[in-house]
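Hi,

Here is the structure I promised to pass on. Have a look at it first, and then read my notes below.

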Amino acid sequence: MSTSLLYHAFGIRGYKYARTQYENGQVIFTIRQEPETHRCSCCGSNRVISRGRVDRCFRSLPIGSRATSVAFAVPRVECQACGLVRQVDISFADPRRSYTKFFERYALELLRSMTIEDVARHLNVGWDLSRAKAGW
Ligand SMILES: [Zn+2]
């Protein structure tokens with residue numbers, strides 16, 4: 001894996017590839033974001049001070065039948081412009097979701113020609129996720 005492949009194949013742009021782990025049959029890519037690219041998610045200012053990180057994991061596109069996830073410690077920053085303390089924006093996923101935008105798009109593509117049960121089984125996801133997709 002490389003930063004370039006993360007971008008072109010997995011839709012993860014603006015982050016650095018850190019490492020790959022293999023756990024329970026799943027491939028986990030850890031990425032990080034350079035401090036100079038941190039911005040306030042409220043006003044967009046770059047005048048921010050680090051206030052820790054929040055570990056998150058996002059389901060990502062499978063490689064064949066093997067599930068992958070992206071592990072990312074989301075930077076938390078204090079903004080010197082607007083005073084808020086927040087997590088920075090994540091470009092590759094809706095912050096309220098536990099999967100990437102590319103994963104979501106892939107699931108929607110599969111649902112055009114497969115049943116919800118098939119998609120859930122192939123992607124190894126719970127019913128809640130596939131039901132949410134079906135409703136869209
Ligand atoms: Zn701000």
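A word on ground rules: this is a predicted model, so to speak of a local feature I needed pLDDT of at least 70, and side-chain atom pairs count only at pLDDT 80 or more, while totals for chains, interfaces and linings use all residues. Residues are numbered from 1 along each chain as its sequence is written, and side-chain values use heavy atoms, with hydrogens and water left out.

**Overall picture**

The protein chain has 4 helices and 5 strands; helices (H or I, at least four residues) and strands (E, at least two) are DSSP runs, numbered from the N terminus. Read from the N terminus, the order is α-β-β-β-β-β-α-α-α. Taken along the principal axes, the C-alpha atoms fill a box of roughly 50 × 30 × 25 Å.

Of the 136 residues in the protein chain, 35% are buried. Buried here means under 20% relative accessible area, exposed means over 50%, and partly exposed is in between (1.4 Å probe, protein chains only). The accessible surface comes to about 8,000 Å², and carbon and sulfur atoms account for 47% of that; the areas come from the Shrake-Rupley method with a 1.4 Å probe, and for residues only the protein chains shown count as cover. As for contacts (heavy atoms within 4.5 Å), take those between residues at least 6 apart in sequence: 51% of them join residues at least 24 apart.

**The zinc site**

Which residues hold the zinc ion? It is coordinated by the SG atoms of C40, C43, C79 and C82, at 2.3 Å. Donors are N, O and S atoms within 2.8 Å of the metal (3.2 Å for Na, K and Ca), and water is not among the atoms, so sites may look incomplete. Along the chain, the donors follow the spacing C-x2-C-x35-C-x2-C.

The arrangement is tetrahedral because the 4 donor atoms subtend angles of 104 to 121 degrees around the zinc ion; the test for four donors is that all angles lie between 85 and 135 degrees. For reference, the ideal angle for four tetrahedral donors is 109.5 degrees. Two of the ligands differ in cover: C79 is buried, at 2% relative accessible area, whereas C82 is partly exposed, at 35%.

**The strands**

Strand β2 (residues 26–32) is a good place to start, as it is mostly covered, with 5 of its 7 residues buried. It pairs with strand β1 (residues 16–23) through 7 bridges, and the two run antiparallel. It also pairs with strand β4 (residues 66–79), this time through 5 bridges and in parallel. Two strands count as paired if DSSP finds at least two bridges between them.

You can follow the register through I31: Y17 stands opposite I31 in β2, and I31 in turn stands opposite F72 in β4.

β1 and β2 form a hairpin with 2 residues between them. N24 lies in that loop and has a positive phi of about 50 degrees although it is not a glycine. At 83% relative accessibility, N24 counts as exposed.

R86 is in strand β5 (residues 85–87) and is partly exposed, with a relative accessible area of 38%. Leaving out residues up to four places away in sequence, R86 touches S41, C42, P75, R76 and V77. One of these, P75, is 11 residues from R86 in sequence and 8.5 Å away in space, C-alpha to C-alpha.

**The helices**

In helix α2 (residues 101–111), the buried residues are F103, E104, A107 and L110. Seen down the axis of α2, they fall within an arc of 125 degrees, so they line one face of the helix; the arc is that of the directions from the helix axis to the C-beta atoms. An α-helix has 3.6 residues a turn, so residues three or four places apart point the same way.

Helix α3 (residues 116–123) has V119, A120 and L123 buried. Seen down the axis of α3, these fall within an arc of 100 degrees, so they too line one face of the helix.

Just after α3 comes N124, in the loop between α3 and α4 (127–134). Phi of N124 is near 55 degrees, a positive value in a residue other than glycine. N124 is exposed, with a relative accessible area of 59%.

Cheers

Conventions
Tetrahedral: all angles 85-135°; square planar, octahedral: opposite > 155°, others 65-115°.
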